[in-house]
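Me: I am new to this structure and would like a close look at one part of it, the place where its two halves meet. Please take me through that part with care.

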Amino acid sequence: MELEKIIPEADDFLPLLGTDHVEIIVGNAKQAAYYYMSAWGFQPLAYKGLENGSKESVSYAIRQDKITLVLTSPLEPGGDLNRHINEHGDGVKNVALWVDDATKSWEETTKRGAKSAFEPKTLQDTDGKVVLSGIHTYGETIHIFVERKDYNGTFMPGYTAWDPGYKPEPVGLKYIDHMVGNVGWGEMNTWCKFYAEVMGFAQIISFDDKDISTEYTALMSKVMSNGNGRIKFPINEPAEGRKKSQIEEYIDYYKGAGVQHLAVATDNIIETVTQLKDRGVDFLYVPENYYDDVIDRVGEIDEDLEPLKKLGILIDRDDEGYLLQLFTKPVLDRPTMFFEIIQRKGAQSFGKGNFKALFEAIEREQENRGTL
Ligand code: FE2
């Protein structure tokens with residue numbers, strides 16, 4: 001692993017305030033919303049569908065602290081949403097970024113070579129206005145710039161507040177720590193260059209196939225960050241190994257590049273993971289012998305080892321502190337998108353020390369799926 005230059009904030013031509021929301025196109029938004037509310041503790045926020053004038057698609061916005069997910073399904077046959085589901089299965093379509101000026105964000109990025117997804121447009125209702133614009137990134141994924149400084153409504157014009165009365169307890173998820181994209185063979189550098197040149201990001205870490213390999217499979221990864229560090233996008237590509245890597249498996253099933261995982265932060269990973277497991281979320285299995293020498297490797301930690309071991313939570317340390325992390329199995333039927341739960345105790349890295357244990361765990365899953 002090499003640590004790369006830190007970002008010069010002075011020429012940040014694309015100031016990003018944070019992740020606004022992540023929109024997942026799904027086959028059945030009503031049931032997906034129920035899953036993320038029941039299992040993950042998201043709270044109902046806003047809705048658009050037949051009842052409030054959306055005739056072709058339905059969307060449920062749900063929220064937990066700073067994380068907003070939008071689940072969208074088509075209401076009619078044909079059209080782009082059905083094509084997206086047919087091709088990719090359920091998957092992330094829009095990674096929306098919160099900005100002060102969506103028009104300028106679009107101008108600055110398209111001027112630098114971004115392919116426009118849609119020009120700046122203003123949505124208005126009695127609560128004010130939201131300006132949106134969009135650019136393409138890897139695969140069919142789109143970055144939407146969301147300007148909401150003149151808006152006081154629940155979520156966005158077109159949506160009405162949604163309060164079904166069903167509100168399972170949150171599980172302590174706070175914000176999106178990072179969001180990872182899988183791209184095809186030899187495409188990692190192309191997309192890192194895109195984030196650097198078009199969006200003004202800097203590369204903060206790179207891992208080559210020597211860092212991330214097991215006996216069977218390998219991958220490469222670079223982490224791109226915006227100027228204030230609020231948005232971090234690691235980009236993975238497959239590397240040659242004796243068997244098929246998880247990145248290739250993803251690309252095979254997603255039919256191209258796309259969002260691989262959302263890492264969501266908590267202040268208490270033991271509590272959060274206990275809740276998630278109780279509610280039926282499946283995590284990768286970590287062999288118990290992982291814990292035999294983990295304290296020798298990472299040094300003293302605040303937590304008792306026993307609950308971490310019981311829940312299969314992984315630990316890693318860097319120069320600045322340590323982190324606790326754990327990965328779910330894919331949350332969709334195709335072996336594509338999953339979640340990472342992460343608690344940072346100073347560490348700013350991504351758990352390199354766990355890669356081997358983690359990828360061996362993923363290989364066991366691939367073996368069961370017959371895709372290794
Ligand atoms: Fe991650």
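Reply: A good place to begin is the salt bridge in which the side chains of K174 and D65 meet, 3.9 Å from N to O, where a salt bridge is a side-chain nitrogen of Lys or Arg within 4 Å of a carboxyl oxygen of Asp or Glu. The model is predicted, so that local features need pLDDT of at least 70 and side-chain atom pairs count only at pLDDT 80 or more, while totals for chains, interfaces and linings use all residues. Residues are numbered from 1 along each chain as its sequence is written, and side-chain values use heavy atoms, with hydrogens and water left out.

The protein is divided into domain 1 (3-161) and domain 2 (173-369), with bounds that come from an automatic or database domain assignment. Their C-alpha centres lie 24 Å apart, and the contact, meaning heavy atoms within 4.5 Å, takes 51 residues from domain 1 and 48 residues from domain 2. Between them the two domains bury about 4,000 Å², 65% of it on carbon and sulfur atoms; buried area here is the accessible area (1.4 Å probe) that two parts lose on being put together, summed over both. Across this interface of domain 1 and domain 2, the rule finds 1 salt bridge.
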